Structures are given as C-alpha cells and as structure tokens.
Amino acid sequence: MSLSSALSIAQSALLATSRQTSVVTRNVADADNPNYSRRIALVTSTTPGARSVDVQRAANDLLFRQNLGALSAYAGQNALYSGMDQLDVSVNGVDNASSPSTAIANLQQALQLYATSPSNQNLGSNVIDAAKQVVRSLNEGSKAIQDFRTQTDGQIDTAVKDLNSLLNQFQDANIAVMSGTRSGTDVSDALDQRDALLKKIANYIPVSTFTRGDNDMVITTGDGTTLFETIPRTVSFAPSSGYAAGAAGNTVYIDNVPVSAGSGGNTTASGTIAGMLQVRDGVASTMQSQLDETARGLITAFAETAPSMPNAAGLFTWSGAPAVPAAGTLVDGLAGTIKINAAMDPSTGGNPTLLRDGGANGAAYVANTGGASYSNLLVAYGDQLDKPMTFDSSAGISATSSVADYAANSIGWLQGVRQQASTAADAKEALAQRSADALSNATGVNVDQEMSLMLDLEHTYQASARMMKTVDDMMTALLNAVG
C-alpha cells in the first residue's frame, strides 16, 4: 500500500467518524423531543479503503399508526368527559346542591310542614319560597345548558380553524419531504415535522395515511373521507350565536362530508371534534329534555282540578296556561319558562292560601270555603309528587315514574354516563401513553446507547489519528532521506 493510499484511507476514516459523531451528538441533543426520531449513521465502503456515511431515520409505521389511533380515541373521550364534568357543575352544582332534585325534595318538606299546620300563613309562604327555588333551579339549569352549547360551538369553531391551519402546515412539510426525496438530500427533519403535524391533526379527527411516490403522503379520515391529497381539503363549520332548547347544532363538514358525533359513555367518538359534537347535541340536549320533562311533571302535579272543568295550571305555570301540557309529551324549553303562579306569590300581590284552598283559576276550582285547618289539597299535592306519571321516552330515562324520582333519575343518568366516560378516558389515556412509549422505544433516542456509541467513535477517531500520524512520520522520513 502506498503512503498516499494510506493517507487517503485515514482521511476517509476521520471524515466518516466525524459525520457519525455529528449524528450521535444530534441524537443526544434531541433526546427529550417526543417528535424526534433517532438518526442512524450507516458506514458503507465505496472504493477500496474509502468509506461514506448514509444517515437514516428510525421509523416504525405500524406503531406510529397505532399511536395516531390511540391519540384520536383519547381526545374524543376526554372531550366528552370534560364537557360532562362542566355540565354537571353548571346545572346541578357541587354535590347536587342546586339541582332540581334537591329543590323538589325541599319543596316536599315545606308542603308536609304546611299540611300539618295549614292555618300558619308563614308556612304557606315557605312553600312558595321553596317552589321559587325549584323554578330557579330549572330556569338557571336550562340557561346553563344552552350557554354551554353556545360555548362548545365556539370551541368547535376554534378546533376547525386549528385543523385547517395544521393541514396548511402539513402541505408545506409534505412539499419539503417530496422535494428533498427527489433531489436525494436528507429529509429526516422534514419527516419529523410531518409526523408531528399528523399527531396534532389526529387529536382533532381520526386519520389514516398512505404514502405514494417521492414520499408524498395522503391523509384520509377514519371513515375514508379525503382530508389531504396534494392540497388540504376544506373543513367547514358555521357556529351559532346562541341556542334555544330543542334547536339542533350545525354540522362540521370535511370536503362537504359531515363529521359524525360520537355516542355512548365509552364513546365511539375519535378526535376532539366528534367528542364535542356529542356533548353539544347528545348529552346537553338530553339533559335539557330531562329538565323540560321535570318542569312538565311539576305543572301537572300541582294542577288545579274541578268537576266538569279541565285541569288548569296551579302553583307552577307556563306560557300555555291555564292549560296543562299534554301527558307524556316533551315541550322543548319548558324548564326555561316555567314560573310561579302570580296569584299565589306574595311578592306579586298573590295569596299563598290559594295553594291550600284552591281557586287560582277561578271560583270553580275552590276546594275549601273557609276552614283554616283544611289540608286535603296540600296532602294531595305532596302525594302527586310521588305518584307515577308518564314521561317522554326520548328524554333518555324511565318513561314512568314520579316527578321526584324522575328528577333524581336525571342526576343518576348523568352520573352513570359520566362514570363510564371517566373510566374509558383513563383507559384510553393509558393506551395512548403505552403506544407513545412503544413508538419511542422503537424510534426514539436512548441516551445511554448513544453515549456508548460515542465512546466507540472516540476510539475509532484516535486510531485514525494515529494512522495519519504514522503516515506523516513515514513521509517526513522519506523526504528527509531524499533531501
């Protein structure tokens, strides 16, 4: 071997070692970056004695797809659970303190006390005050639900805008990958960026991908709708400025294809958008229906009756008074408009004793003509609160129960679905974390491994340096001999 060949080999080894060292240093520097994939410096031989370094990016498509799916599932589940948690506090208060069920229980107690001493007008006023609290809980609960739906609408709008922005960023990253692939340059950084954007997109909508020539990637949704192909598809949504009970929310469209809301406590929703659609149009709307049915049940339970006369709204009244709402039929928004009959409300000049005696709707409905100890009506109203009646089955809970039980069952329904959502959220979060860990183990950086490799490279560098020193000494000796 000539001295020039030996020198060329030593130089090639030093350059290769330097490139490998640079790759290892980059790996260590980005070890804590969850969107960084480990770079691998592969040394290949070219001409005899010469070496070159090719940098490859660690990847595992199967684990990456599993991670994307797990991220979408958890995002949808968490959106549902977070929304239900907020709804629970807004409507029922902490520990159900402001719930209609608690208010109805207090009304029952006030009625019982008044029935034991019907001549005590203070007790009569207490019943009216308790009834006002029932009305307040229903009115405020209904408003809280519709405000929540409006707020969620705004969050959906923000999510759609974020998703469109991410798709535009993905287009730039995809172009960088394709251009680099065509020119034969290293596209590792562009691939990292593209994968990081895919994770963010998966939080909003479930995605599936496939790669074409030049590393060009196409994104579709879980149901096959094209989300990105060369250019982003349009994701559109028209938010509402406000909601009324019974009003349907607007749909999110991807390339004019509607996004389906999730269903169930362990929701079928994948991605935040589907989860928020479910809580806006499913959970919140069902809660509103249950409040409306509770209000209808109260109007019915306290209706005044008289021979040969239709039942008329009594203590609780509504916009359709004096008529009583039809049995078993949901009246959208009734919980937001139910109120106390002014004829019985002392604050508006009414007389609470009309609850005891009857007659808020005229003389035909008077049941007591003068006995201060008359309690039959009060007892009957208390019994009506515990008497089974028919409710609209579309409200999601038992169609036959008492008003008091129905209000309690409404809380039970919410807590039951909320518990399912909480359990599923924990499970899906754990799955997302496990899939992320598995992906990291396959493609991430192990600092200990990199430092060990760095030591090996240091030894290689020292050997190459000694070889160059030896060649240099030999050439110096040869020149001195010639001179």
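**Figure 1. Phe302, Phe316 and Tyr381 come together as one aromatic cluster.** This close-up, like the others here, comes from a predicted model. Aromatic pairs turn up four times in the structure. In the pair made by Phe302 and Phe316, the ring centres sit 5.3 Å apart and the planes meet at 75°, so this one counts as edge-to-face. The two partners come from distant parts of the chain, 14 residues apart: Phe302 is in the loop between α6 (272-301) and β10 (304-306), while Phe316 belongs to strand β12 (residues 316-317). Are these two residues, Phe302 and Phe316, buried or exposed? Both are buried.

**Figure 2. Phe391 and Tyr406 make a stacked aromatic pair.** Here the rings are 4.0 Å apart, centre to centre, with 15° between their planes. Phe391 sits in the loop between β14 (389-390) and β15 (400-401), and Tyr406 sits in helix α10 (residues 403-443), so the pair ties together parts that are 15 residues apart in sequence. Phe391 has a relative accessibility of 2%, so it counts as buried. Tyr406 is buried too, with a relative accessible area of 0%.

**Figure 3. Ala301, a residue of helix α6, and its surroundings.** Ala301 has a relative accessibility of 3% and counts as buried. Which residues does Ala301 touch, once its neighbours within four places in sequence are left aside? The contacts are Tyr381, Gln384, Leu385, Met389 and Val403. Have a look at Lys387 as well: Lys387 and Ala301 are 86 residues apart in sequence, yet their C-alpha atoms are 8.6 Å apart in space.

**Figure 4. The largest cavity holds about 110 Å³ of space.** Rolling a probe the size of a water molecule over the atoms shows where empty space is left. A search of the whole structure turns up one cavity of 30 Å³ or more. The largest cavity is lined by 13 residues, and those closest to its centre are Asn92, Pro100, Leu291, Ser410 and Ile411. Which helices supply at least two residues each to the lining? They are α2 (61-92), α3 (100-116), α6 and α10. Helix α6 gives the largest share, with four residues. Sorted by class, the lining of the largest cavity has seven nonpolar residues, six polar ones and no charged ones.

**Figure 5. Strand β4 (residues 217-221) is mostly covered, with five of its five residues buried.** Met217, Ile219 and Thr221 point one way from β4, Val218 and Thr220 point the other way, and all are buried. Strand β3 (residues 207-211) pairs with β4 in the antiparallel sense over five bridges. In that pairing, Val207 stands opposite Thr221 in β4. The two strands β3 and β4 form a hairpin with five residues between them, and Asp214 in the turn has a positive phi of about 60°.

**Figure 6. Strand β4 also pairs with β5 (residues 226-229), in antiparallel fashion, through two bridges.** Thr220 stands opposite Thr226 in β5. The hairpin of β4 and β5 has four residues between the strands, and Gly224 in that hairpin takes a positive phi near 95°. Just along the chain is Thr230, placed in the loop between β5 and β6 (231-232). Thr230 is not a glycine, but its phi is positive all the same, at about 70°. With a relative accessible area of 49%, Thr230 is partly exposed.

**Figure 7. Three strands make an open antiparallel sheet in the order β7-β8-β9.** The edges are β7 (235-236) and β9 (257-258), each with a single partner strand, so one side of each is left without a neighbour in the sheet. Two bridges join β8 (residues 253-254) to β9, and these strands run antiparallel. Tyr253 stands opposite Pro258 in β9. Where is Asn256 in this picture? Asn256 lies in the loop between β8 and β9. Phi of Asn256 is near 70°, a positive value in a residue other than glycine. At 68% relative accessibility, Asn256 counts as exposed.

**Figure 8. A cis peptide bond joins Ala321 and Pro322.** The omega angle of this bond is about 10°. Pro322 itself lies in the loop between β12 and α7 (334-337).

How values were computed
Residues numbered from 1 in each chain as written. Predicted model: local features only at pLDDT ≥ 70, side-chain atom pairs only at ≥ 80, totals over all residues. Heavy atoms only, no water. Phe/Tyr/Trp six-rings, centres within 6.5 Å; stacked < 30°, edge-to-face > 60°. Buried < 20%, exposed > 50% of the residue type's maximum accessible area, 1.4 Å probe, protein only. Pairing = 2+ DSSP bridges. Contact = heavy atoms within 4.5 Å. 1 Å grid on protein atoms, 1.4 Å probe; cavity = no way out; pocket = protein on both sides within 12 Å on 5 of 7 lines; lining within 4 Å. Points joined across faces, edges and corners; volume = space filled by probe spheres on them. Nonpolar A, V, L, I, M, F, W, Y, C, P; charged D, E, K, R; others polar.
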